[in-house]
Amino acid sequence: MNAILAISAAEFRIALRNRWVAIAVAMMALFSLVLTGAGSAPTGILGADRLSVTVASLTSLAVYLVPLVALLMSFDAIAGEVERGTLPLMLTYPLGRVEILLGNFIAHMLTLTLAVAIGYGLAAGVAIWADPRASAGVPAMVRLFWTSLILGAAFVAIGYAISVIARRPGAAAGLAIAIWLVLIVLYDLGLLAAVVTDDGGRFTTEIFPWLLVGNPADAFRLYNLSASDATAAAAGVGAAAHAIPPAYALASILLWPLLGLGLAVLAFRKVTS
Amino acid sequence: MPNLILSRLTKTFGVTRALRDVSFTVAPGERIALLGHNGAGKSTLMKIVLGLIPFDGGMATVLGAAPGDRAARRQVAYLPENVAFHPALTGLEQIRTYLRLRGEAARDAMGLLDRVGLADAATRRIGTYSKGMRQRVGLAQALIGKPRLLVLDEPTSGLDPVSRRDFYATLDGLAADGASILLSSHALTEVEARTDRIVILSQGAMVANASLAQLRQQAALPIQMQVRARDGAADMVAESLGGARFNGATVNLNFAPDQKLARLTQVTALGALIEDVEVIPPSLEDIYSHFSKQVRP
Ligand SMILES: Nc1ncnc2c1ncn2[C@@H]1O[C@H](COP(=O)(O)OP(=O)(O)OP(=O)(O)O)[C@@H](O)[C@H]1O
Ligand SMILES: [Mg+2]
């Protein structure tokens, strides 16, 4: 345990001194604020409070941004050590590879928590300041916060698997972007195309919901939208969100970090020097 | 029981036979120098001892365990060649981390850095360090805890002469406490005085494993003697000793080691004709190239 914490402490320092992480935090903060400003228009129309509207906008944002930031922090974890030549020495210390990964994981989750808290905190602050009814949206905001962290955990873990398998930071970065594109952008487009082609057939009713909930980003979106009517209403996807039980979506986002870490550990075991 | 036992160790990379049937042991308190040309297999052997890469044949036992076993890793220190650290960490932070990874108190970090002469730079980022300073961070981490086996890959590369001397003094202290030391080096002269035994690898095969004195004897390389004659006597001296004249007044003689006394007697017999005599034993470089030229098929 001491070994894990020692690695976390060092990696957290490194993360704080890394300009990528600074960019990620700034990006979270900036986008959150822009969305809060943009979200002010429909407030009156839908009758939802300002914070719920903000949460709806942030949910859409988080689906893209949180995985990106998580991958950005994690893709270099092992590949960077291989490139710098620091990994062999580390591997001669009396600690397991699982401990190396967990140490990194704690540090990166801490950094991610910081970035998300700053971004959402700013957005929530503005909403509460502007709308006295905003306290109604606090539970949704809290839920968005912790589910964002779990979504982030999934992609940090996936980033480690990428980092171990790619072995080189350049290759890992490319693979990370590819995975992000596939899981976050192309996956939904593909499903959409399939649903349109299927035109209400068996695929749409029986297979599509499972494919949707199986993707961590979609599961995250579903869970946040289905858990709060106000948020779902604000996002205009009420019906779709209710098609799948929220528990399934939650199970999916909880499972993905474990899956990712498991994969990373398996791949890391095979690495020699 | 030896701290390190290698028996017929074999390692192949594709068509490169990096190690061929290498067998030797390192006892507690022993300091072994691993010598060999570039690509001879020194680093490969060390990585195998640390469990960083697998081997194809033979056996390796490190402190009674398999290489890379956690039990072995606890008591083995390693300094890789071209040691590297994360440039964003300071020397102090890096050593504190390593201390904690070995279950030692992080507060010892400053003392370790002081031991390798880095106390003043301790709070600067390693990215700003010179090559020799990075090497010293590597040495500092190898001194953590009480390692029973130190595997040091070209530990003095990049170190200035004074730091080298200090470094070997530190090793002497560790060896006196019973630690085994296996180090590779291309600096033959420093190895000469500071190690107990020399192992020479040549294209992956072990061609020597003995103390320097024994290697000297085994090699039986010719001894050189320079005889300086008095003014005008050089020709006479050269003729009677059968050597070649060189530099006007000096006569050069080369002969097998067992002829040394006979030759000296000859020289002293010339008495007044001689101004000075110098006997030059084969240099360490000569001995080294004698052995590293031998390659088993
Ligand atoms: N990962 C590898 N893949 C392929 N060949 C390798 C690998 N590592 C080492 N070799 C080869 O094994 C041989 C021994 O290399 P090694 O690094 O052990 O030499 P060395 O004695 O440490 O040399 P130097 O004095 O230059 O450090 C070389 O021919 C090298 O090319
Ligand atoms: Mg080498």
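Here is a short chat about a predicted model, its magnesium site, ligand 1 and the two chains.

Visitor: What makes Ser43(B) and Glu81(B) donors of the magnesium ion (ligand 2)?

Guide: Their distances do. Ser43(B) (OG) and Glu81(B) (OE) lie 1.9 to 2.6 Å from the ion. The cut-off for a donor here is an N, O or S atom within 2.8 Å of the metal, so both count. Water is not among the atoms, so the site may look incomplete.

Visitor: Why can you say that the pair ties together separate parts of chain B?

Guide: Ser43(B) sits in helix α1, residues 42-49, while Glu81(B) belongs to the loop between β5 (76-79) and α3 (91-101), so parts 38 residues apart in sequence are tied together.

Visitor: Why is Ser43(B) called buried?

Guide: Its relative accessible area is 13%. Buried means under 20%, so Ser43(B) makes the cut.

Visitor: And what makes Glu81(B) partly exposed?

Guide: Glu81(B) has a relative accessible area of 30%. Partly exposed is the class between the 20% limit for buried and the 50% limit for exposed, so that is where Glu81(B) goes.

Visitor: How do you know that Glu81(B) has a polar contact with ligand 1?

Guide: A polar side-chain atom of Glu81(B) is 3.1 Å from an oxygen atom of ligand 1. A polar contact needs a pair of N or O atoms within 3.5 Å, so this one qualifies. Asn38(B) also has a side-chain N or O atom 2.9 Å from an oxygen atom of the ligand. With Gly41(B), a backbone N or O atom lies 2.9 Å from an oxygen atom of ligand 1. The protein covers 63% of the 630 Å² of accessible area that ligand 1 has on its own.

Visitor: Which elements give two or more residues to the shell around ligand 1?

Guide: They are β2 (16-26) and α1 of chain B. The largest share, three residues, comes from α1(B). Of the 14 residues around ligand 1, the ones that come nearest are Gly39(B), Lys42(B), Ser43(B), Thr44(B) and His186(B).

Visitor: How is that shell made up by class?

Guide: It has three nonpolar, eight polar and three charged residues. Gly counts as polar in this scheme.

Visitor: What makes Gly91(B) buried?

Guide: Gly91(B) has a relative accessible area of 0%. The limit is under 20%, so Gly91(B) is buried. Gly91(B) is found in helix α3 of chain B. Leaving out residues up to four places away in sequence, Gly91(B) touches Leu113(B), Ala122(B), Arg124(B), Ile126(B) and Tyr129(B). The C-alpha atoms of Gly91(B) and Asp276(B) are separated by 55 Å, and the two residues are 185 apart along the chain.

Visitor: How many helices and strands are there in chain A?

Guide: Chain A has 14 helices and zero strands. Of its 273 residues, 52% count as buried. Chain A exposes about 11,300 Å², and carbon and sulfur atoms supply 73% of that.

Visitor: And how many are there in chain B?

Guide: Chain B has eleven helices and 13 strands. Of its 297 residues, 50% count as buried. The accessible surface of chain B comes to about 13,400 Å², with 50% belonging to carbon and sulfur atoms. Its C-alpha trace spans about 75 × 45 × 35 Å along the principal axes.

Methods
Residues are numbered from 1 along each chain as its sequence is written. Chains are lettered from A and ligands numbered from 1 in the order in which they are written. This is a predicted model: local features need pLDDT of at least 70, side-chain atom pairs count only at pLDDT 80 or more; totals for chains, interfaces and linings use all residues. Side-chain values use heavy atoms; hydrogens and water are left out. Donors are N, O and S atoms within 2.8 Å of the metal (3.2 Å for Na, K and Ca); water is not among the atoms, so sites may look incomplete. Helices (H or I, at least four residues) and strands (E, at least two) are DSSP runs, numbered from the N terminus. Buried means under 20% relative accessible area, exposed over 50%, partly exposed in between (1.4 Å probe, protein chains only). A residue is near a molecule or strand if one of its heavy atoms lies within 4 Å of it. A polar contact is a pair of N or O atoms within 3.5 Å; within protein, one must be able to donate a hydrogen and the other to accept it, and residues adjacent in sequence count only if both atoms are side-chain atoms. Accessible areas come from the Shrake-Rupley method with a 1.4 Å probe; for residues, only the protein chains shown count as cover. Contact means heavy atoms within 4.5 Å.
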